Amino acid sequence: MSLGRYIAILITLCLVKTAYAQDDTDSNVQLFSQIPIPNLDPSFTWLDDHRVVARVEQSDGTIEFLVTDARTGEQRQAFDHQALAGVLSDALERPIDDSRLPITRVGLVNGALIAFIEPELRVFEIIDDGSVADPFPLADATPFLLPVDNRELSGSGPASVRFVNRLESEVQLYWLSGGHRHDYGTLAAGGTRHQNTFVSHAWIAVDTDGSEYGVFVADEDPGIALIHPATQRSADVLGDMQDESIEHERSWEVTIDEYNILLRDRRTGNTKQITSDGTAGDFYRNDIHWSPDGTSFFAIRTRPSEPRTVHIVESSPRDSKQPVLHSFPYRKPGDPIDHHRPVLFRVDRETGDAKKTEINNDLFQTPWSLFGDITWRPDGSEVVFSYIERGHQVARVIGVDASSGEARVLIDESHETFFDYAHKMHFEPIREMREAIWMSERTGWNHLHRFNLETGEHLGPITSGSWVLRGIERVDHETEQIWFRAMGVYPDQDPYHVHFGRVGFDGQGLTWLTSADGDHSLRYSPNGSYHIARYSRSDLAPVHELRRSSDGNLLKELVRADTDELSAAGWRPPEVFHAKGRDGQTDIWGLIYKPTDFSPDRSYPVVEQIYAGPHGNHVPKAFSRWHHAPRQVADLGFIVVQIDGMGTNWRSKSFHDVAWKNLADAGFPDRIAWMREAARTRPWMDLSRVGIYGGSAGGQNAMAALLHHNDFYKVAVADCGCHDNRMDKIWWNELWMGWPIDEAAYESSSNVAHAHKLEGDLLLIVGELDRNVDPASTMQVVDALIRADKNFDMLVIPGVGHGAGDTPYGRRRTLDYLVQKLK
């Protein structure tokens with residue numbers, strides 16, 4: 001047998017082995033996805049401020065609806081299940097088992113408890129004593145979602161709504177936000193539509209005659225919004241959905257024409273032009289903010305810049321033989337950006353005569369973002385706005401005197417590294433604009449601070465400690481309470497677990513609303529007196545608790561998901577593991593995935609799934625029966641790890657700052673230390689065979705592993721990587737790399753510049769139509785590898801955009817490569 005034929009047979013056997021392994025992996029996915037997990041996602045309905053109904057699944061598949069009284073802890077059946085089964089059997093003309101009622105959820109409509117039945121879309125009223133009334137009129141059961149007045153307390157996570165149009169005409173659907181309607185298209189008569197949204201987002205339907213139906217406010221449970229003639233709403237139902245800044249009665253309104261400002265007399269309809277210097281290259285924007293008394297308005301003027309154009313070629317269009325050129329605007333680091341500046345106008349309310357006041361821009365000369373959170377003082381004496389300087393090291397709150405146009409700094413935030421404006425900025429005036437809440441990392445941890453908004457004096461921190469404030473849920477100006485999310489609260493828990501708390505404006509009365517060891521979300525009772533806390537971990541299925549909001553005390557565990565059947569089928573959760581990082585002091589957290597057929601007597605190569613983008617933390621914290629990508633790799637006979645190293649977000653400022661002008665670091669010293677410590681007590685982890693794969697920023701990271709740490713990593717698959725950050729989008733890269741452009745810093749983080757250092761097996765994947773990361777970024781690193789005479793593999797997928805490695809073909813090639821090179 002010739003050597004060439006022998007090699008061909010070996011390659012064929014390797015590919016066949018991989019294909020069979022993939023089939024096994026897919027069968028595991030199908031098996032585990034079909035096994036029910038009782039109470040994985042139970043539904044809850046508040047009957048009033050203290051009673052909540054839960055839909056509870058037992059391990060034998062039976063279903064029970066239980067009502068719990070938060071005041072007493074008493075729990076009982078919410079209604080007579082047997083009686084309801086009888087009513088449903090008659091109404092639906094089929095037998096109904098009272099232990100498996102086909103009720104998707106219950107709700108409270110006009111004071112009546114109703115049971116909602118799918119797929120028939122039938123509704124039945126349940127009497128308070130537990131008996132069942134006649135079928136409830138469908139019209140009175142809509143909208144079958146939370147009432148409008150509950151939206152502030154209902155959370156902010158993803159949600160879904162199914163719109164059902166029972167009208168004889170089509171309707172227009174709108175999302176309501178900030179006093180504006182955002183068009184989401186039409187829904188035909190008799191039609192249905194599944195709409196992804198977020199908890200507390202409000203929707204309304206409008207028919208062809210302009211009649212309004214709703215308002216529908218999304219809950220954490222999948223909701224059904226029934227649009228019916230009886231749900232026509234009067235205009236006043238939207239009153240509390242409007243923008244809080246109610247427009248003062250004015251005689252004049254602003255319009256923009258030919259780049260200039262005109263005032264239109266509301267009384268006569270006549271207009272008068274008050275500027276003439278606006279041009280296409282320096283125009284006034286249609287972004288006007290009137291003072292409360294209607295005597296002044298704040299306008300924005302912009303000098304636009306021409307964005308860079310990126311060109312990509314679609315080589316194999318499905319509707320044409322010839323390739324197609326696509327061109328689109330795409331700003332990259334260092335490119336010019338639009339320059340905005342404020343202008344102030346004083347208006348005579350009778351005549352409409354206007355006086356323009358130019359504002360000195362010394363305090364905001366190089367804006368990245370200007371005029372966010374524009375607010376007038378109640379007396380109209382000063383307008384306040386926020387400013388972020390390009391380079392993202394300076395943020396300010398500026399006040400401008402309405403009479404003189406003089407600008408002053410009210411809050412000044414500066415950092416030697418970066419100010420993470422995209423994730424850690426919150427400015428909110430309080431106490432009639434005498435003070436303000438400001439989010440800051442000035443203490444080394446992300447917290448809230450209070451400022452005197454008249455003098456600019458820092459009045460001190462509202463929250464403090466070695467934990468981070470993750471975000472504000474709401475600010476209650478009447479009770480002077482801030483409700484928020486936080487991470488790292490409990491030292492004995494994973495620092496990335498989300499917990500919820502409440503604190504007073506003065507920093508007093510800090511109360512933690514959750515304490516269980518897990519990642520949390522909350523659902524409040526209508527008046528906020530109680531809440532349901534849902535928590536889970538990667539290795540713990542969801543648990544739902546009933547807690548009191550005044551002190552966070554646990555009142556009762558409502559329901560716990562059951563994974564016994566899943567575990568009996570061979571499913572195992574990932575292992576949560578933490579070890580010290582590069583400094584020998586900081587805990588680094590991650591996950592370890594084992595094959596379904598894992599044996600401690602075997603030796604397994606190790607594969608890291610990496611994404612080290614500084615904008616977040618990326619290791620999953622909540623429960624999932626199937627973290628698809630890492631489990632798919634693990635079931636091919638690997639140990640798969642995911643790790644959040646230094647330079648990622650939501651730890652201390654110093655932890656995050658590792659990424660400053662240093663994206664090549666990607667936390668690799670921490671990752672390697674973590675894996676070595678894990679392997680020390682897990683002899684089945686073979687660190688002589690370590691691979692890595694990732695996409696986008698993870699693609700950049702994966703290739704960098706073979707450039708800078710090829711003594712540890714041996715194989716890498718890099719999908720659609722931003723291999724030189726000067727080729728990538730402007731906002732993401734200038735945030736971490738600064739501005740003006742530091743060429744040395746970009747060069748040190750560039751895979752192109754270091755391509756000659758490649759050691760190991762590298763597969764590059766790119767989609768030719770990537771609009772997120774310029775495909776030329778991959779081609780430039782290919783060019784550098786060829787010039788350095790380096791061996792590598794490459795896959796270009798025609799007609800595909802960002803994430804080409806996640807397409808079925810790209811995924812198969814990734815798995816093949818890892819198997820061929822590491823096993």
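This section describes the overall make-up of the protein, then helices H6 and H7 and the parallel strands beside H7.

The model is predicted. The protein has 823 residues, and 54% of them are buried. Its secondary structure comprises eleven helices and 50 strands. Contacts often link distant parts of the sequence: among those between residues at least 6 apart, 58% join residues at least 24 apart. The exposed surface comes to about 34400 Å². Carbon and sulfur atoms supply 47% of that area.

Helix H6 covers residues 668-680. The end C-alpha atoms of H6 lie 18 Å apart. This agrees with expectation, because 13 residues at 1.5 Å a residue should span 18 Å. Its buried residues are Phe-668, Asp-670, Arg-671, Ile-672, Trp-674, Met-675, Ala-678 and Ala-679. The list thus includes Asp-670 and Arg-671 as well as Phe-668 and Trp-674. These buried residues pack against strands E43 (575-580), E44 (587-593), E45 (604-609) and E46 (639-644). They also pack against E47 and H7.

Helix H7 spans residues 697-708. From first to last C-alpha, its twelve residues reach 16 Å, close to the 16 Å expected at 1.5 Å a residue. Eleven of the twelve residues are buried, so H7 is largely enclosed by the rest of the structure. At the start of the helix, Ala-697, Gly-698, Gly-699, Gln-700 and Asn-701 are buried. Ala-702, Met-703, Ala-704, Ala-705, Leu-706 and Leu-707 are buried too. The buried residues of H7 pack against three helices: H6, H8 (730-737) and H10 (776-787). Their strand partners are E47 (685-695), E48 (715-719) and E49 (761-767).

Two of these strands, E48 and E49, pair with each other. The pairing is parallel and runs over five bridges. Within it, Ala-716 stands opposite Leu-762 of E49. Strand E49 is mostly covered, with six of its seven residues buried. E49 also pairs in the parallel sense with E50 (residues 793-797), again over five bridges. Here Leu-763 stands opposite Asp-793 of E50. The chain passes from E49 through H10 to E50, forming a right-handed β-α-β crossover. H10, the helix of this crossover, is also among the elements that the buried residues of H7 pack against.

Terms used
Residues numbered from 1 in each chain as written. Predicted model: local features only at pLDDT ≥ 70, side-chain atom pairs only at ≥ 80, totals over all residues. Heavy atoms only, no water. Helix = DSSP H or I, 4+ residues; strand = E, 2+ residues; numbered from the N terminus. Expected span 1.5 Å × (residues − 1). Buried < 20%, exposed > 50% of the residue type's maximum accessible area, 1.4 Å probe, protein only. Contact = heavy atoms within 4.5 Å. Areas by Shrake-Rupley, 256 points an atom, 1.4 Å probe, with all protein chains shown as cover. Pairing = 2+ DSSP bridges. Right-handed = clockwise from strand over helix to strand, strands pointing away.
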